[in-house]
Amino acid sequence: MPVANPYAEDLGNRKPLDALGDTAERIRQLVDSWTVDRFEKSYAPGKWSARQILVHLAQTELALSTRARFALSQPGYTAQAFSQDDWMPIDGGTDARTALAAYTSLRDLNLAMWKGLTQEQVDRAFSHPEYGELTVGWIMAQMAGHDIHHLKQLQAIEK
């Protein structure tokens, strides 16, 4: 049995595919008119800035959808764990608009993948060194809740 989705509360009763289909656009609309200065603000002391959240969303969109693709194409796939804090410095200097464009473009590509999956593919299992056995559908739900989690943080900066 897969470990619980850490973003299940954020996802609530929404279907993952529905949330994946609209949250990136909601984020884009929220930040579309922001100034460079606003992107450097954080929702709480010591937390990532809005720009860093967008970088993180792009990185996560890349990493987790790649994990799903490997699980779908390699029998017996074992995922590689990664640390968001170790990844941030790699792309941390990226400007907010570039990060947003990467995130939304990758989402468009990934959404086509998610929509095209059969139930058998959604249920495809793989292993993770920290979480044990997971499914491709678990990744989909995790990403959907993760987006909403960070949308809430960006909304807190907007206020």
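Is Phe39 buried or exposed? Let's keep that one in mind for a moment, everyone, while I introduce the chain.

What you have in front of you is a predicted model. The chain holds 8 helices and 2 strands. If you walk along the sequence, the order is α-α-α-α-α-α-α-β-β-α, with the two strands sitting between the seventh helix and the last one.

Now for the overall form. Along its principal axes, the C-alpha atoms of the chain occupy a box of roughly 45 × 30 × 25 Å. The radius of gyration is 16 Å, which agrees with the value near 15 Å for a compact globule of 159 residues. Among contacts with a separation of 6 or more, 77% join residues that are 24 or more positions apart.

What about inside and outside? Of the 159 residues, 44% count as buried. The chain exposes about 8400 Å², and 52% of that comes from carbon and sulfur atoms. As for charge, there are 16 positive and 20 negative side chains, and the centres of these two sets lie 4 Å apart.

Let's go back to Phe39. This residue is buried, because its relative accessible area is 4% and the cut-off for buried is under 20%. Phe39 belongs to helix α3, which covers residues 36-39. Setting aside residues up to four places away in sequence, Phe39 touches Val31, Trp34, Ser49, Ala50, Arg51, Leu54, Ala96 and Arg97. For a sense of distance, take Asp123, 84 residues from Phe39 along the chain: their C-alpha atoms are separated by 38 Å.

On to the cores. In soluble globular proteins, nonpolar side chains tend to be buried together. Here, the largest nonpolar core has 23 residues, and Leu20, Trp114, Phe126 and Ile139 touch the most other members. Helices α2 (16-31), α4 (50-73), α6 (96-116) and α8 (136-158) each bring at least two residues to this core. Which helix gives the most to this core? That is α8, with 8 residues.

Please find Trp114 on your screens. Beyond its neighbours within four places in sequence, Trp114 is in contact with Leu17, Leu20, Ala68, Val136, Ile139, Met140 and Met143. Apart from this core lies another one, of 21 residues, including Leu30, Val55, Ala96 and Leu151.

Ala96 is a nice link in this story: it is a member of that other core, and Phe39 touches it.

Leu30 gives us another link, this time to Gln155. Gln155 sits in helix α8, and, leaving aside neighbours within four places in sequence, it is in contact with Arg26 and Leu30. How accessible is Gln155? Its relative accessibility is 31%, so Gln155 counts as partly exposed. Between Gln155 and Trp87 there are 24 Å from C-alpha to C-alpha, with the two residues 68 apart in sequence.

One last stop, and this one is at the surface. Pro89 is part of helix α5, residues 84-91. Its relative accessibility is 61%, and exposed means over 50%, so Pro89 counts as exposed. Where is Gln52 relative to Pro89? The two are 37 residues apart in sequence, and their C-alpha atoms are 9.7 Å apart in space.

So, to look back at our three residues: Phe39 is buried, Gln155 is partly exposed, and Pro89 is exposed. Thanks for listening, and do turn the model around while we talk.

Definitions and conventions. Residues are numbered from 1 along each chain as its sequence is written. This is a predicted model: local features need pLDDT of at least 70, side-chain atom pairs count only at pLDDT 80 or more; totals for chains, interfaces and linings use all residues. Side-chain values use heavy atoms; hydrogens and water are left out. Helices (H or I, at least four residues) and strands (E, at least two) are DSSP runs, numbered from the N terminus. The radius of gyration is taken over C-alpha atoms; the globule rule is 2.2 Å times the number of residues to the power 0.38. Buried means under 20% relative accessible area, exposed over 50%, partly exposed in between (1.4 Å probe, protein chains only). Contact means heavy atoms within 4.5 Å. Accessible areas come from the Shrake-Rupley method with a 1.4 Å probe; for residues, only the protein chains shown count as cover. Lys and Arg count as positive and Asp and Glu as negative; His and the chain ends are not counted. The place of a charge is taken as NZ of Lys, CZ of Arg, CG of Asp or CD of Glu. A nonpolar core is a set of buried Ala, Val, Leu, Ile, Met, Phe, Trp, Tyr and Cys residues joined through side-chain atoms within 4.5 Å.
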